[in-house]
Amino acid sequence: MALILASASPRRRELLERAGLSFACIPARGEEIIQKGTRPEQAALTLAQQKALEVAKARPLDTVIGADTIVVLDGMIMGKPRDEADAVRMLTLLSGREHLVLTGVCVVNKGHAHSFVQQTKVKFYPLAPAKIRAYVRTGEPMDKAGAYGIQEKGMALVEGIEGDFFNVMGLPIARLLRLLEELE
Ligand SMILES: Cc1cn([C@H]2C[C@H](O)[C@@H](COP(=O)(O)OP(=O)(O)OP(=O)(O)O)O2)c(=O)[nH]c1=O
(Lines give C-alpha, C1' and ligand atoms only; values in the text may rest on other atoms or scores of the structure.)
Protein backbone atom coordinates (compact mmCIF):
# COMPACT_ATOMS: atom_id res chain seq x y z
CA MET A 1 0.00 0.00 0.00
CA ALA A 2 1.42 3.36 -1.07
CA LEU A 3 0.87 6.92 0.07
CA ILE A 4 -0.27 9.29 -2.69
CA LEU A 5 -0.39 13.08 -2.62
CA ALA A 6 -3.18 14.14 -4.98
CA SER A 7 -1.58 17.50 -5.72
CA ALA A 8 0.44 19.45 -8.24
CA SER A 9 1.50 21.98 -5.60
CA PRO A 10 5.28 22.09 -5.18
CA ARG A 11 4.77 23.46 -1.65
CA ARG A 12 2.69 20.48 -0.53
CA ARG A 13 5.22 18.06 -1.98
CA GLU A 14 8.08 19.88 -0.26
CA LEU A 15 6.35 19.86 3.12
CA LEU A 16 5.57 16.14 3.00
CA GLU A 17 9.16 15.43 1.94
CA ARG A 18 10.54 17.59 4.75
CA ALA A 19 8.34 15.64 7.18
CA GLY A 20 10.17 12.50 6.06
CA LEU A 21 7.35 10.64 4.31
CA SER A 22 7.75 8.50 1.18
CA PHE A 23 4.95 9.11 -1.27
CA ALA A 24 4.06 9.55 -4.93
CA CYS A 25 2.39 12.60 -6.48
CA ILE A 26 -0.64 12.19 -8.73
CA PRO A 27 -2.34 15.55 -9.32
CA ALA A 28 -6.13 15.59 -9.60
CA ARG A 29 -7.20 17.01 -12.95
CA GLY A 30 -10.79 17.92 -12.19
CA GLU A 31 -11.72 21.58 -12.22
CA GLU A 32 -12.06 23.19 -8.81
CA ILE A 33 -15.74 24.10 -8.77
CA ILE A 34 -17.65 25.38 -5.79
CA GLN A 35 -21.26 26.56 -5.75
CA LYS A 36 -21.87 30.23 -5.10
CA GLY A 37 -22.76 30.93 -1.48
CA THR A 38 -20.84 27.93 -0.12
CA ARG A 39 -19.39 28.71 3.32
CA PRO A 40 -15.59 28.96 3.42
CA GLU A 41 -15.01 25.87 5.64
CA GLN A 42 -17.30 23.79 3.46
CA ALA A 43 -15.59 25.07 0.29
CA ALA A 44 -12.10 24.07 1.51
CA LEU A 45 -13.42 20.65 2.61
CA THR A 46 -15.33 19.96 -0.60
CA LEU A 47 -12.40 20.89 -2.84
CA ALA A 48 -9.99 18.72 -0.81
CA GLN A 49 -12.45 15.82 -0.97
CA GLN A 50 -12.93 16.21 -4.74
CA LYS A 51 -9.16 15.98 -5.30
CA ALA A 52 -8.61 13.01 -2.98
CA LEU A 53 -11.63 11.05 -4.23
CA GLU A 54 -10.75 11.57 -7.88
CA VAL A 55 -7.28 10.08 -7.42
CA ALA A 56 -8.51 7.40 -4.99
CA LYS A 57 -10.83 6.06 -7.71
CA ALA A 58 -7.78 5.14 -9.79
CA ARG A 59 -5.79 3.93 -6.74
CA PRO A 60 -8.29 2.10 -4.50
CA LEU A 61 -5.61 0.19 -2.55
CA ASP A 62 -3.56 3.23 -1.63
CA THR A 63 -3.91 6.03 0.92
CA VAL A 64 -4.63 9.29 -0.92
CA ILE A 65 -4.22 12.84 0.45
CA GLY A 66 -6.03 15.83 -1.10
CA ALA A 67 -5.84 19.42 0.12
CA ASP A 68 -7.12 22.86 -0.75
CA THR A 69 -6.13 26.25 0.60
CA ILE A 70 -8.28 29.39 0.53
CA VAL A 71 -7.94 32.85 2.03
CA VAL A 72 -10.99 34.32 3.76
CA LEU A 73 -11.51 38.04 4.42
CA ASP A 74 -14.77 39.13 6.10
CA GLY A 75 -16.36 35.83 5.06
CA MET A 76 -15.35 36.36 1.42
CA ILE A 77 -13.36 33.55 -0.24
CA MET A 78 -10.20 34.38 -2.18
CA GLY A 79 -8.69 31.66 -4.32
CA LYS A 80 -5.86 32.15 -6.78
CA PRO A 81 -5.91 35.49 -8.65
CA ARG A 82 -7.25 35.39 -12.24
CA ASP A 83 -4.64 37.88 -13.45
CA GLU A 84 -2.32 40.60 -12.15
CA ALA A 85 -5.14 43.12 -11.68
CA ASP A 86 -7.00 40.57 -9.57
CA ALA A 87 -3.83 40.00 -7.49
CA VAL A 88 -3.54 43.77 -6.88
CA ARG A 89 -7.23 43.86 -5.89
CA MET A 90 -6.80 41.01 -3.37
CA LEU A 91 -3.64 42.43 -1.79
CA THR A 92 -5.24 45.89 -1.52
CA LEU A 93 -8.15 44.33 0.39
CA LEU A 94 -5.78 42.36 2.66
CA SER A 95 -3.56 45.39 3.43
CA GLY A 96 -3.49 46.32 7.14
CA ARG A 97 -6.08 43.66 7.96
CA GLU A 98 -6.36 40.26 9.57
CA HIS A 99 -7.61 37.32 7.46
CA LEU A 100 -7.98 33.57 7.78
CA VAL A 101 -6.20 30.91 5.78
CA LEU A 102 -8.19 27.67 5.65
CA THR A 103 -6.75 24.43 4.37
CA GLY A 104 -9.11 21.53 3.86
CA VAL A 105 -7.49 18.10 3.99
CA CYS A 106 -9.04 14.80 2.94
CA VAL A 107 -7.38 11.40 3.38
CA VAL A 108 -9.03 8.45 1.61
CA ASN A 109 -8.08 5.12 3.14
CA LYS A 110 -9.74 1.72 2.65
CA GLY A 111 -12.75 3.30 1.00
CA HIS A 112 -13.34 5.88 3.74
CA ALA A 113 -12.76 9.62 3.53
CA HIS A 114 -11.38 11.38 6.63
CA SER A 115 -11.46 15.18 6.44
CA PHE A 116 -10.70 18.27 8.49
CA VAL A 117 -10.15 21.99 8.03
CA GLN A 118 -7.27 23.82 9.69
CA GLN A 119 -7.40 27.57 10.27
CA THR A 120 -4.56 30.09 10.68
CA LYS A 121 -4.99 33.83 11.30
CA VAL A 122 -2.65 36.12 9.35
CA LYS A 123 -2.23 39.88 9.90
CA PHE A 124 -0.81 42.03 7.09
CA TYR A 125 1.08 45.29 7.51
CA PRO A 126 -0.50 48.26 5.72
CA LEU A 127 0.87 48.08 2.15
CA ALA A 128 1.52 51.08 -0.09
CA PRO A 129 0.03 50.71 -3.60
CA ALA A 130 3.51 50.88 -5.17
CA LYS A 131 4.66 48.01 -2.91
CA ILE A 132 1.68 45.91 -3.95
CA ARG A 133 2.32 46.54 -7.66
CA ALA A 134 6.03 45.72 -7.28
CA TYR A 135 5.21 42.47 -5.47
CA VAL A 136 2.67 41.44 -8.10
CA ARG A 137 5.24 42.12 -10.85
CA THR A 138 7.50 39.45 -9.31
CA GLY A 139 4.92 36.89 -10.51
CA GLU A 140 4.94 35.16 -7.14
CA PRO A 141 1.25 35.77 -6.28
CA MET A 142 -0.21 34.20 -9.40
CA ASP A 143 -0.46 30.53 -8.31
CA LYS A 144 -1.31 31.24 -4.68
CA ALA A 145 -4.55 31.69 -2.75
CA GLY A 146 -4.98 35.32 -1.66
CA ALA A 147 -2.19 36.33 -4.07
CA TYR A 148 0.75 35.90 -1.68
CA GLY A 149 3.28 33.33 -0.54
CA ILE A 150 4.22 33.60 3.14
CA GLN A 151 7.24 31.34 2.52
CA GLU A 152 8.78 33.55 -0.20
CA LYS A 153 8.91 37.31 -0.83
CA GLY A 154 5.40 37.56 0.60
CA MET A 155 6.96 37.13 4.05
CA ALA A 156 7.61 40.89 3.93
CA LEU A 157 3.85 41.58 4.01
CA VAL A 158 3.10 39.65 7.19
CA GLU A 159 2.99 41.31 10.63
CA GLY A 160 2.13 38.10 12.43
CA ILE A 161 0.28 34.81 12.41
CA GLU A 162 -1.71 32.80 14.93
CA GLY A 163 -1.70 29.07 14.25
CA ASP A 164 0.21 26.65 12.03
CA PHE A 165 2.60 28.36 9.58
CA PHE A 166 2.65 25.30 7.30
CA ASN A 167 -1.12 25.48 7.01
CA VAL A 168 -0.67 28.87 5.29
CA MET A 169 1.83 27.28 2.89
CA GLY A 170 -0.81 24.73 1.89
CA LEU A 171 -0.60 21.74 4.25
CA PRO A 172 -1.18 21.53 8.03
CA ILE A 173 1.52 18.94 8.32
CA ALA A 174 1.45 18.06 12.05
CA ARG A 175 -2.31 17.48 12.11
CA LEU A 176 -2.11 15.48 8.87
CA LEU A 177 0.64 13.25 10.33
CA ARG A 178 -1.53 12.62 13.39
CA LEU A 179 -4.43 11.56 11.19
CA LEU A 180 -2.18 9.25 9.14
CA GLU A 181 -0.89 7.63 12.36
CA GLU A 182 -4.47 7.01 13.51
CA LEU A 183 -5.23 5.24 10.23
CA GLU A 184 -2.17 2.97 10.31
C1 LIG B 1 -1.73 31.86 1.33
C2 LIG B 1 -0.71 31.02 0.62
C3 LIG B 1 -1.08 30.08 -0.33
N4 LIG B 1 -0.13 29.32 -0.97
C5 LIG B 1 -0.50 28.32 -2.00
C6 LIG B 1 -0.75 26.92 -1.46
C7 LIG B 1 -1.51 26.27 -2.61
O8 LIG B 1 -0.57 25.63 -3.46
C9 LIG B 1 -2.16 27.44 -3.34
C10 LIG B 1 -3.66 27.38 -3.29
O11 LIG B 1 -4.14 26.57 -4.33
P12 LIG B 1 -4.78 25.14 -4.14
O13 LIG B 1 -5.93 25.05 -5.11
O14 LIG B 1 -5.05 24.86 -2.70
O15 LIG B 1 -3.63 24.11 -4.60
P16 LIG B 1 -2.85 23.98 -5.99
O17 LIG B 1 -3.77 24.25 -7.14
O18 LIG B 1 -1.59 24.79 -5.89
O19 LIG B 1 -2.43 22.44 -6.00
P20 LIG B 1 -3.39 21.14 -6.08
O21 LIG B 1 -4.82 21.59 -6.28
O22 LIG B 1 -2.89 20.31 -7.22
O23 LIG B 1 -3.18 20.44 -4.75
O24 LIG B 1 -1.70 28.63 -2.70
C25 LIG B 1 1.22 29.48 -0.66
O26 LIG B 1 2.08 28.79 -1.24
N27 LIG B 1 1.59 30.38 0.31
C28 LIG B 1 0.70 31.17 0.96
O29 LIG B 1 1.10 31.97 1.82
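Which helix gives the largest share of the lining of the second largest pocket? In this predicted model, that share comes from helix α6 (residues 173-183), which contributes four residues. The second largest pocket holds about 210 Å³ of space. Its lining comprises 13 residues, of which M1, L3, T63, L180 and E184 are the closest to the pocket centre. By class, this lining divides into seven nonpolar, three polar and three charged residues.

The largest pocket contains about 1000 Å³ of space. It is lined by 46 residues, and those closest to its centre are E32, D68, T69, G79 and K80. At least two lining residues are supplied by each of α1, α2 (40-58), β3, β4 (76-78), α3 (84-94) and α5. The lining of the largest pocket consists of 19 nonpolar, 12 polar and 15 charged residues.

The ligand sits in the largest pocket. Two or more residues of the shell around the ligand come from each of α1 (10-18), β3 (63-73) and α5 (165-169). The shell has 19 residues, with S7, A8, R12, K51 and K80 coming nearest to the ligand. Eight residues of the shell are charged, six are nonpolar and five are polar.

Polar contacts to ligand oxygen atoms involve both side-chain and backbone atoms of the protein. A polar side-chain atom of K51 is 2.5 Å from a ligand oxygen. On the backbone side, a polar atom of A8 lies 2.6 Å from an oxygen atom of the ligand, and an N or O atom of I150 lies 2.8 Å from a ligand oxygen. Of the 610 Å² of accessible area that the ligand has on its own, 94% is covered by the protein.

Notes
Residues are numbered from 1 along each chain as its sequence is written. This is a predicted model: local features need pLDDT of at least 70, side-chain atom pairs count only at pLDDT 80 or more; totals for chains, interfaces and linings use all residues. Side-chain values use heavy atoms; hydrogens and water are left out. A residue is near a molecule or strand if one of its heavy atoms lies within 4 Å of it. A polar contact is a pair of N or O atoms within 3.5 Å; within protein, one must be able to donate a hydrogen and the other to accept it, and residues adjacent in sequence count only if both atoms are side-chain atoms. Accessible areas come from the Shrake-Rupley method with a 1.4 Å probe; for residues, only the protein chains shown count as cover. On a 1 Å grid over the protein atoms alone, a cavity is a set of points where a 1.4 Å probe fits but cannot get out, and a pocket is an open set with protein on both sides within 12 Å along at least five of seven lines; lining residues have an atom within 4 Å of a point. A molecule sits in a cavity or pocket if more than half of its atoms lie within 2 Å of its grid points. Ala, Val, Leu, Ile, Met, Phe, Trp, Tyr, Cys and Pro count as nonpolar, Asp, Glu, Lys and Arg as charged, and the others, Gly among them, as polar. Grid points are joined across faces, edges and corners, and a volume is the space filled by probe spheres set on the points.
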